[in-house]
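User: I have a structure to go through. Please take my questions one at a time and keep the answers short.

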Protein chains: 2
Amino acid sequence: MTETKRPKGTLTIYDVARLAGVSIASVSRVLNGQGTPRPETRERVMHAVRELSFVPDGAARALSNGLKEVVGVVFRRGGEATFEDEDESLLFIDGINRGIEVAAQHRGFDVLISSVGVHDSHATARISGVAGKADGIILHDRMLSAVGIARLAEMIPIVTLAGSPTRASVNVGCDNDSGMRALVNHLTVEHGYRHLAYLSGHAASPDNRARARVFEAATTAVGAEIQTGPAWQGNYSAAGGAQVIASLLERGGDLPRAIVCANDQTALGVIHALARRGVRVPDDVAVTGFDDVPVARHLHPSLTTIRQPIEQMGATAFDVLYSRISGNGGESDVVLPVRLVLRESCGCPPASPATPALGVGA
Amino acid sequence: MTETKRPKGTLTIYDVARLAGVSIASVSRVLNGQGTPRPETRERVMHAVRELSFVPDGAARALSNGLKEVVGVVFRRGGEATFEDEDESLLFIDGINRGIEVAAQHRGFDVLISSVGVHDSHATARISGVAGKADGIILHDRMLSAVGIARLAEMIPIVTLAGSPTRASVNVGCDNDSGMRALVNHLTVEHGYRHLAYLSGHAASPDNRARARVFEAATTAVGAEIQTGPAWQGNYSAAGGAQVIASLLERGGDLPRAIVCANDQTALGVIHALARRGVRVPDDVAVTGFDDVPVARHLHPSLTTIRQPIEQMGATAFDVLYSRISGNGGESDVVLPVRLVLRESCGCPPASPATPALGVGA
DNA sequence: CTGAAAGCGCTTACAG
DNA sequence: CTGAAAGCGCTTACAG
């Protein structure tokens, strides 16, 4: 019960050393499990550490070690969206970030999060800020141009998510092609729909472009008709999806038999917009999503969609980044498999009670 | 186009100084906007910085400045839950974290995220790890005992969320009392339900205890009957809520007219469990939640609940912590207001189409 | 096994 | 306005 009441003033390894009666080198060694300290030394140090509630300064360690044990993650926040709506459109991102965090933990890393507003012109500055505080960076879709990435990559390892591979960075994405092909096949062959449309996401998104391309190819291949054009341009948000439907209906346009949405958020907006106008889903129009965010199964009707391994994408992104940070391989892009999840919104029957919608009581 | 191709090897302020032909002090000054550098000096430095894509090392800055510009956030991950289920139970936490992040950004801070498994015995170690890398810490509910907090507080400022105030820390929470009172009033007076039950959350959660206490007081005050006891013990998860209903029904117990759940997740599980057994909500049994997470409005029936200002709680937690870090005030606990959100699950009529469920096209 | 000392990359008084 | 130098709190060869 030493009365070492240090009012404030940062506590350092010197204080611990003094209390324990050893050198700072010894303190550092027992704290880091280096060498083979004498049991008594170890004892005295640990006691002093507990006594003082000492926590070593991460900045000093990082500077000395050349390793911060931090990975930065940067993503875009929704812009036009209200706070409430925002919550929803970030489900996907939150899921990925969780995966990153869990994987990081296995390596003793923590995750530094930073978002950028849609129209934030300081994106580059913000990313640099994070770069300075981390050993490596994970960039979500649409954060930096290829040249921006190339430039930053000179300072720090970079992994992109659902982006495009670069010479300087590695990308982790999912198998849009197989997913979209399976979906179109289900709608056209199994349900026999002959008239479809793809309600797109951000025009610049690599994921969106891949999905759009395969949608066209696959529908064309089976001889189905499709609606396309700027009228079907969404933006990955529920509001964007609802807007497309609203405009279409106002113009008195014909609805296709099935609407394939670029992501779940869009599908959510579409379903609501259709319901409000008395169009029945899936009886009049089938609607599908992409992602399988948690809400998907609770929608009414429940949403048929493509499940991306959301958390696993995050975990993989970290793992790849980690191996780059440690200097081992991790040089090639990775494409994760997806899965078609059939629920009600495509026209399939509701799941039987034997297969509860929740993983409960099973 | 200088051919300064440094293959790897950390780029430092010395490299910039050399390229620009100035001292490192000058580089530091223009980079930080200190002093009044001559325009030419500024020019040369900025040019060199761009040329090299230089990003100053955050650890070195932190060590020198005594400020990392990082706040740590620690929370619990669901444990028994599967990955999928986890997604859902973390909606609330994700919302708060987002609020923290946005507020942090206004001050040039980034957010360091770290989760702890439910049964992780290394919780304290993990928290210390984060503490070393941050200027202050925000602890979600149920992370550390009062003594644990007191100890850690000697090293670093702490703010707790939905916890209990401590001499050493500040708490940010919401007004459980008013919320629960308004809810019970609505159910008993406006709907006239006379037989209710409270399906509780984690027994140790301060929020849960407050809600349970007010529930009992308020129902008793209007002379309604309530069911209580261990049978009504949940754990804030959908699975926990479903389990309570399953056991109750198996024992052939009577259902109350209204079930007030400790949070939305629990309500979600309850609604599914009841539906599976053919009990109609709200016709046979009314069900309510607490939080108003994004899924709430998409449930079928949509969920009547108490809206907590989720993101605002996070933002407030950061603001309070920031003022403690900067040494100004921020010493008193804060209680944020909540709001009763009436939807279908309590027995109220569906919202009119004039008030779309989504913030779309309004 | 242990201690004295150098060094990690910045910032900031202190002189000029 | 600008540069030389000290110092931030650690870790880690290098001697002993």
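**DNA surfaces, sheet and helices**

User: By class, how do the residues of the surface near DNA strand C divide?

Analyst: This is a predicted model. Near DNA strand C, 29 residues are counted. By class, they are 12 nonpolar, 13 polar and four charged.

User: Which element gives the largest share of the surface near DNA strand C?

Analyst: The residues that come nearest to DNA strand C include A:Ala25, A:Thr36 and B:Ser28. Two or more residues each come from α2 and α4 of chain A and from α2 and α4 of chain B. The largest share is six residues, and the element is α2(B).

User: Which element gives the most to the surface near DNA strand D?

Analyst: DNA strand D is surrounded by 28 residues, with A:Ile13, A:Ser28, A:Ala60, B:Thr36 and B:Thr41 closest. Here too, α2 and α4 of chain A and α2 and α4 of chain B each give two or more residues. By class, this surface has 11 nonpolar, 13 polar and four charged residues. The most, six residues, come from α2(A).

User: Which are the edge strands of the open sheet of 12 strands?

Analyst: The order runs β11(A)-β5(A)-β4(A)-β3(A)-β1(A)-β2(A)-β2(B)-β1(B)-β3(B)-β4(B)-β5(B)-β11(B), with mixed pairing. On average, neighbouring strands are turned by 20° against each other, direction ignored. An edge strand pairs on one side only. That applies to β11 (334–336) of chain A and β11 (334–336) of chain B.

User: Which residue in β5(A) stands opposite A:Leu161?

Analyst: Strands of a sheet pair through backbone hydrogen bonds, either parallel or antiparallel. Strand β4 (158–161) of chain A pairs with β5 (170–174) of chain A in the parallel sense, over three bridges. Opposite A:Leu161 in β5(A) stands A:Val172.

User: At about what angle does helix α6 of chain A run to β2(A)?

Analyst: Helix α6 covers residues 91–106 of chain A. This helix lies across β1, β2, β3 and β4 of chain A, together with β2 of chain B. Its angle to β2(A) is about 155°.

User: Why does the span of helix α11 of chain A agree with what is expected?

Analyst: Helix α11 has 13 residues, 238–250. At 1.5 Å a residue, counted over one less than the number of residues, the expected span is 18 Å. The end C-alpha atoms are also 18 Å apart, so the two agree at 18 Å.

User: Which residue with a positive phi follows α11(A)?

Analyst: Within α11(A), the buried residues include A:Ala238, A:Val244, A:Ile245 and A:Leu248. After the helix, phi is positive, near 70°, at A:Gly252.

Terms used: Residues are numbered from 1 along each chain as its sequence is written. Chains are lettered from A and ligands numbered from 1 in the order in which they are written. This is a predicted model: local features need pLDDT of at least 70, side-chain atom pairs count only at pLDDT 80 or more; totals for chains, interfaces and linings use all residues. A residue is near a molecule or strand if its C-beta atom, placed from the backbone, lies within 6 Å of it. Helices (H or I, at least four residues) and strands (E, at least two) are DSSP runs, numbered from the N terminus. Ala, Val, Leu, Ile, Met, Phe, Trp, Tyr, Cys and Pro count as nonpolar, Asp, Glu, Lys and Arg as charged, and the others, Gly among them, as polar. A residue is buried if 20 or more other C-beta atoms lie within 10 Å of its own, exposed if 12 or fewer, and partly exposed in between; C-beta atoms are placed from the backbone. Two strands pair if DSSP finds at least two bridges between them. Axes are lines fitted to C-alpha atoms, for helices over the stretch in contact, and angles run from 0 to 180 degrees between N-to-C directions. Two residues are in contact if their C-beta atoms, placed from the backbone, lie within 7 Å.
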